[in-house]
Structures are given as C-alpha cells and as structure tokens.
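Subject: Structure for your review

Dear colleague,

Please find the structure below, together with its sequence. My findings follow after it.

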Amino acid sequence: MSVSRDIAATWLGPRRVYDRLLARPADEGRVLAWLMGGLGLTFVARLPELSRQAYLSGGEPPLVGLVAGTLLGTLIFAPLLFYLLAGLGWLGARLFGRPVSGWAARAVLFWAVLAAAPAILMHGLVAGFIGPGPALSVVAAVAGAAFLLFWFVGLRVAGADAGTQAA
Amino acid sequence: MSYNPNRTGMEPAMTHPLIALARQSVSDPRGAARRLIDRNLPPPVLVDAAALVAVLSGISGWLFANLLLSLPAPPEVTAAELAAARGEVAGPLSQAMVQAGGMVLIAAAIWILGRMFGGVGRAGGAVAITIWLSALSLAAQIVLIVLLALAPPIAVLALIGWVVLNIWLLTSFIAELHDFDSAWSVFFAILGLAFLLALGLALFGSLLGGVAGG
C-alpha cells in the first residue's frame with residue numbers, strides 16, 4: 001500500500017499497519033525517510049502560525065528568522081532527538097520484558113511521527129488561522145495522544161513479533 | 001469495623017465504612033486495596049462513583065486554585081500577572097471533565113500495562129482503585145484547602161506529604177491488584193514509564209510549536 005494510505009489506515013487500526021510495516025526487511029533508509037517526511041510536514045504545518053506570529057508582533061523577530069529557526073529545529077535537531085527517544089523506547093521495551101530490535105524501535109517511533117502528520121497539519125492550520133484557544137488545545141491533545149498511542153502500539157507489536165520469533 | 005468482619009459495612013456503624021477504608025489505606029494500603037477489589041463492584045456503581053468523584057474534584061480543584069491565588073503574592077508578581085492567572089483558572093465543570101478523562105486514562109494504563117508486566121488484575125479492579133485513589137486525593141485536597149485558609153506554611157508541608165503518600169498508595173494498590181510481590185519494581189516501572197511518555201510528549205509538543213500549551 002502507498003504511504004498515504006498506510007497513514008490513514010494507522011488511524012483506523014494501528015496494529016494491522018504495524019504488522020505489515022515490521023514484516024518488511026529492516027531498512028534504515030526507509031525509516032529515516034518516514035521520520036524526515038513527518039518532520040518535513042511538521043515544518044510546513046508551522047508556517048501559518050509563524051506568519052501569524054510575525055504579523056502580530058509587527059515583524060520583530062522577522063518571519064524569515066522564525067522560519068529559519070523552525071527549519072533548523074525540526075529538520076536538523078529534532079531528528080537527533082527522535083533517535084535518542086527511539087533508544088529510550090528500545091530500553092523501555094526491554095525493561096518491560098518485550099525486547100525489540102533497535103531498528104524496530106526506530107521504525108515504530110518514526111512511523112508514529114509520520115502517521116500523526118495529519119493531526120500536526122490540522123494543528124498548524126488552527127494555530128495559524130484561529131490561534132490559541134479551546135480548538136487549538138483539543139487538536140493538540142488529539143495529536144499528542146495519537147502520537148503516543150501509535151508509538152506505544154508499535155512497540156507492543158514489535159515486542160510481540162520478537163517474542164514469537166524467539167519461541 | 002473490627003467487631004463484625006463478616007458484614008460488608010453497609011449497616012450503620014461507629015465508623016463509616018469509607019472512613020474505615022481510608023484509614024486502612026494509610027496503615028495497610030495493600031489490605032485496603034484487596035478489600036476494595038474483592039467487592040467486585042458492578043460497572044454501574046463504578047461509573048456513578050467515578051462521576052461523583054469527578055464532579056466533587058472539579059469543584060474542589062477550582063476552589064483550591066482560587067484560594068491559592070488569593071494568598072498574598074510575592075512582590076515580584078505584578079497585579080496584571082495575577083489577574084491573568086485568575087482568568088486562566090479552569091471552571092469547575094471543565095476541571096471535572098479533565099478529572100474524569102484522567103481517571104479513565106489512569107485506570108486503562110494500570111490495567112493494560114500491568115497485564116503487560118504479567119499482572120493478573122481485572123479491569124473492574126483497576127477502575128475501582130483509580131476511583132478510590134481519586135477520592136482520597138479529593139479528601140486530601142479538602143484538608144489542604146482548610147489548612148491553606150488557616151496556616152499556609154503547614155499546608156505546603158502537608159502538600160509535600162500528600163504527594164509522597166499518593167505515590168506510595170498508587171504503587172501499593174497496583175501491586176495488590178496485579179498480585180506483584182515487589183511494590184518497588186512497580187514504583188520504578190511507573191517512574192520509568194512516566195519519564196518516557198513525558199519525554200516523548202515534550203519532544204512532540206515542541207514540534208507542534210510554542211502556542212500548543214497556551
């Protein structure tokens with residue numbers, strides 16, 4: 001299935017999608033592409049809000065500065081932090097007695113970021129066009145909960161796979 | 001409560017059964033949790049109890065926040081900042097909804113994660129201990145409100161004491177629900193998991209942008 005259909009399917013049944021994604025051979029490039037794709041969409045999602053911020057503050061700091069800072073943060077620093085977070089997820093799964101491979105720990109986290117992208121885009125729109133308020137809080141909560149849920153379900157599926165292979 | 005252990009505690013007695021259970025929760029958390037879980041309270045009772053605790057917690061939380069803000073502020077806080085903080089206190093209804101949602105999440109986490117660790121607890125028991133802990137928190141909050149009105153410095157100490165006790169009770173309740181031997185391993189699992197989730201959420205939240213929290 002195409003990536004976009006897999007993203008939609010993750011919202012309906014994350015378990016099935018993870019089963020399929022993890023069944024494919026381990027490929028670092030593919031999961032990195034998922035992460036960078038998710039972060040790329042995140043960067044785009046931030047633009048309306050940055051524009052709003054620059055407009056409301058009268059261009060101080062200027063929009064270009066805000067965009068540059070966000071670009072650096074989302075596409076250069078965030079990936080490194082997500083690799084760290086994947087490592088902690090790997091450690092957590094191990095402590096829970098459901099060890100997963102390092103690649104699987106990265107794959108499920110990076111996929112969770114990409115699969116949450118629709119909610120991130122929605123959040124960006126609300127942040128840019130409506131601004132802070134209950135609507136934004138709800139979208140942020142949905143996005144955050146979806147991301148955590150996808151990550152967690154992914155770790156579970158990966159852990160269960162590892163268990164059956166060992167048995 | 002000791003003169004007739006065979007009764008379920010519904011009859012009028014010297015001590016109200018809930019107060020007796022609250023006392024036992026402090027002196028013998030695991031025994032109290034076992035008693036509560038073994039009652040096998042039916043779902044409608046649990047839903048009603050959760051709703052009641054949520055509503056009362058909403059009211060109490062709202063009072064608590066307003067009372068905190070009515071204390072003499074440190075000099076570096078301006079009047080405008082104080083007014084803004086007062087405006088941001090959520091109303092009792094929304095606090096009750098947050099409380100209810102929180103209870104659902106915590107009960108689900110206790111049940112599902114405990115099962116992953118090899119626990120044997122059932123969903124009804126997880127819900128019951130979650131509601132009971134929320135009810136105890138509510139009672140503690142009411143005590144804190146009174147203390148805050150009478151003697152703020154003591155209230156601060158009491159708050160710290162309650163936080164420690166709360167974590168200990170949660171740990172003991174979970175250990176009893178899932179029949180875990182060591183409460184300490186439960187404690188570290190809670191700590192580790194909370195750390196992991198908080199870190200993940202913080203990183204994700206930073207992606208969403210600064211206004212997400214505001």
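Which pattern does chain A follow when read along the sequence? The pattern is α-α-α-α-α-α-α. Please bear in mind throughout that this is a predicted model.

Chain A

The count agrees with that pattern: chain A has seven helices and zero strands. Taken along the principal axes, its C-alpha atoms fill a box of roughly 65 × 30 × 30 Å. Chain A comprises 167 residues, of which 38% count as buried. If one considers the contacts in chain A between residues at least 6 apart in sequence, 75% of them join residues at least 24 apart.

The contact between the chains

On the side of chain B, 17 residues are in contact with chain A, where 24 residues take part. Helix α8 of chain B (residues 183-208) supplies the largest share of the chain B side, namely eleven residues. Sorted by class, that side of chain B has twelve nonpolar and five polar residues, and no charged ones.

Helix α2 of chain B

I looked in some detail at helix α2(B), which spans residues 29-38. Its buried residues are Pro29(B), Ala32(B), Ala33(B), Leu36(B) and Ile37(B). Because these residues cover an arc of only 130 degrees around the axis, they lie on the same side of α2(B). The partners against which the buried residues of α2(B) pack are α1 (17-27), α6 (123-150) and α7 of chain B.

The packing of α2(B) with α7(B), residues 152-177, can be described further: the angle is about 55 degrees and the axes are 8 Å apart. The arrangement is therefore oblique, since angles from 35 up to 65 degrees fall outside the parallel and perpendicular ranges. The crossing of α2(B) past α7(B) is right-handed. From α2(B), the contact is made by Pro29(B), Arg30(B), Ala33(B), Arg34(B) and Ile37(B). From α7(B), the residues are Trp168(B), Leu169(B), Ser172(B), Phe173(B), Ala175(B), Glu176(B) and Leu177(B). Taken by class, the residues of this contact comprise eight nonpolar, one polar and three charged.

Pro29(B), Ala33(B) and Ile37(B) thus appear both among the buried residues of α2(B) and in its contact with α7(B). Finally, just after α2(B), Asn40(B) takes a positive phi of about 50 degrees.

With kind regards

Notes: Residues numbered from 1 in each chain as written. Chains lettered and ligands numbered in written order. Predicted model: local features only at pLDDT ≥ 70, side-chain atom pairs only at ≥ 80, totals over all residues. Axes fitted to C-alpha atoms, helices over the stretch in contact; angles between N-to-C directions. Helix = DSSP H or I, 4+ residues; strand = E, 2+ residues; numbered from the N terminus. Parallel < 35°, antiparallel > 145°, perpendicular 65-115°, else oblique. Left-handed = near helix turned anticlockwise from the far one by under 90°. Contact = placed C-beta atoms within 7 Å. Nonpolar A, V, L, I, M, F, W, Y, C, P; charged D, E, K, R; others polar. Buried ≥ 20, exposed ≤ 12 C-beta atoms within 10 Å, placed from the backbone. Arc of directions from axis to C-beta.
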